[in-house]
Amino acid sequence: MAESAFKPALLVVDLQEDFCPPNGSLAVNDGRSIVPLINSLLALPSFALRVATKDWHPASHTSFAANHTGKQPFVDTYTVVNPFNPSEQYETRLWPVHCVQDTPGAELVPELDTSRLDHVVTKGTDERVEMYSAFYDPLREPRVSDTKLAELLRDAGITHVYVVGLAGDYCVRSTAADAHAEGFVTVVINEGTRAVDPAGWETCKTEIEGTGVRVVGKDSP
Ligand code: VGL
Ligand code: ZN
């Protein structure tokens, strides 16, 4: 019988200063506490590929409340419109200014063992569209931005993708959903992530599992 292939990649999502206490503009509760576990994972010989992503916005990015008159971060939403197809639209949450390209807040946290990384992928670089997923933005008709992460993983022969980083309920969730949709067996490591909305994390995990992604951790082996 043919052995089933197992060539895993580790994806470290947006482990950047602006998502971490104490100074991050969009600090996720306890966000920095996941770094030791992630460094241990990065050191495992098991992974065939180790990729980090960086949220990497121009100052003019449409997801910043400050770029919409009278709108409040965390509270208000706005409509993203596909620049190539104005009939494709969706509502999404507005954020404080964060991860502006080439600013200290956009740096990977210094504790992260970046020497283990094979690639760093930047995302959210198009000012016109929100992009939580490390693969592409949610606009599909036609697609607006694509990091080519799927090709990177496929070219390396990756079969399984393990996702950690920030934030569990936004970029980790969207990245994992797209990894699964791209045909990779996809696993989110519960202890390797933290949520913007911790009270909603249990529900969010159930929703993530509903997309075909597994969430594993000490309490759910
Ligand atoms: C993220 C909100 C805005 C994330 C990025 O990395 O989860 N969340 N931009
Ligand atoms: Zn962002």
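Over residues 9–216, this predicted model is 19% helix and 25% strand, and the C-alpha atoms at the two ends of that stretch sit 16 Å apart. Those boundaries come from UniProt, where an unreviewed entry lists residues 9–216 as "domain: Isochorismatase-like".

Let's start with the sheet. It's an open one built from 6 strands, and if you walk across it you meet them in the order β5-β2-β1-β6-β7-β8, with parallel pairing. The edges are β5 (119–123) and β8 (214–216), each of which pairs on one side only. Going from one strand to the next, the twist averages 25°.

Take one pair from that sheet: β6 (residues 160–166) and β7 (residues 185–194) run parallel and are joined by 6 bridges. If you want a spot to click on, try Gly165, whose bridge partner in β7 is Thr193.

Now for the helices. Helix α1 (residues 35–43) lies across β1 (8–13), β2 (49–55), β6 and β7, and it runs at about 145° to β7. Elsewhere, helix α3 (residues 168–181) packs with helix α4 (residues 201–210) at an angle of about 10°, their axes 11 Å apart. Angles under 35 degrees count as roughly parallel, so α3 is roughly parallel to α4. On the α3 side, the contact is made by Gly168, Asp169, Arg173 and Ala176, while α4 brings Trp201, Cys204 and Ile208. Sorted by class, this contact of α3 with α4 has 4 nonpolar, 1 polar and 2 charged residues.

The loops have some backbone geometry to look at. Two peptide bonds are listed here:

| Cis peptide bond | Omega |
|---|---|
| Pro21 to Pro22 | near 5° |
| Leu166 to Ala167 | near -15° |

Where do these fall along the chain? Pro22 is in the loop between β1 and α1, and Ala167 is in the loop between β6 and α3. The β1–α1 loop also holds Asp14. Phi of Asp14 is near 50°, a positive value in a residue other than glycine.

That brings us to ligand 1. Which residues surround ligand 1? The shell is Asp14, Phe19, Asp55, Trp95, Tyr132, Leu166, Ala167, Tyr170 and Cys171. By class, those residues divide into 7 nonpolar, no polar and 2 charged.

Some of these names have come up already. Asp14, with its positive phi, is part of the shell. Both partners of the cis bond from Leu166 to Ala167 are there too, with Leu166 and Ala167 each listed around the ligand. Leu166 falls within β6, which covers residues 160–166, and Tyr170 and Cys171 belong to the shell while falling within α3, residues 168–181. Asp55, another member of the shell, falls in β2 (49–55).

Methods: Residues are numbered from 1 along each chain as its sequence is written. Chains are lettered from A and ligands numbered from 1 in the order in which they are written. This is a predicted model: local features need pLDDT of at least 70, side-chain atom pairs count only at pLDDT 80 or more; totals for chains, interfaces and linings use all residues. A residue is near a molecule or strand if its C-beta atom, placed from the backbone, lies within 6 Å of it. Ala, Val, Leu, Ile, Met, Phe, Trp, Tyr, Cys and Pro count as nonpolar, Asp, Glu, Lys and Arg as charged, and the others, Gly among them, as polar. Two strands pair if DSSP finds at least two bridges between them. Helices (H or I, at least four residues) and strands (E, at least two) are DSSP runs, numbered from the N terminus. Axes are lines fitted to C-alpha atoms, for helices over the stretch in contact, and angles run from 0 to 180 degrees between N-to-C directions. Two residues are in contact if their C-beta atoms, placed from the backbone, lie within 7 Å. Angles under 35 degrees count as roughly parallel, over 145 as roughly antiparallel, 65 to 115 as roughly perpendicular and the rest as oblique. UniProt positions are given in the numbering used here, feature names are shortened, and annotations may be inferred rather than shown by experiment.
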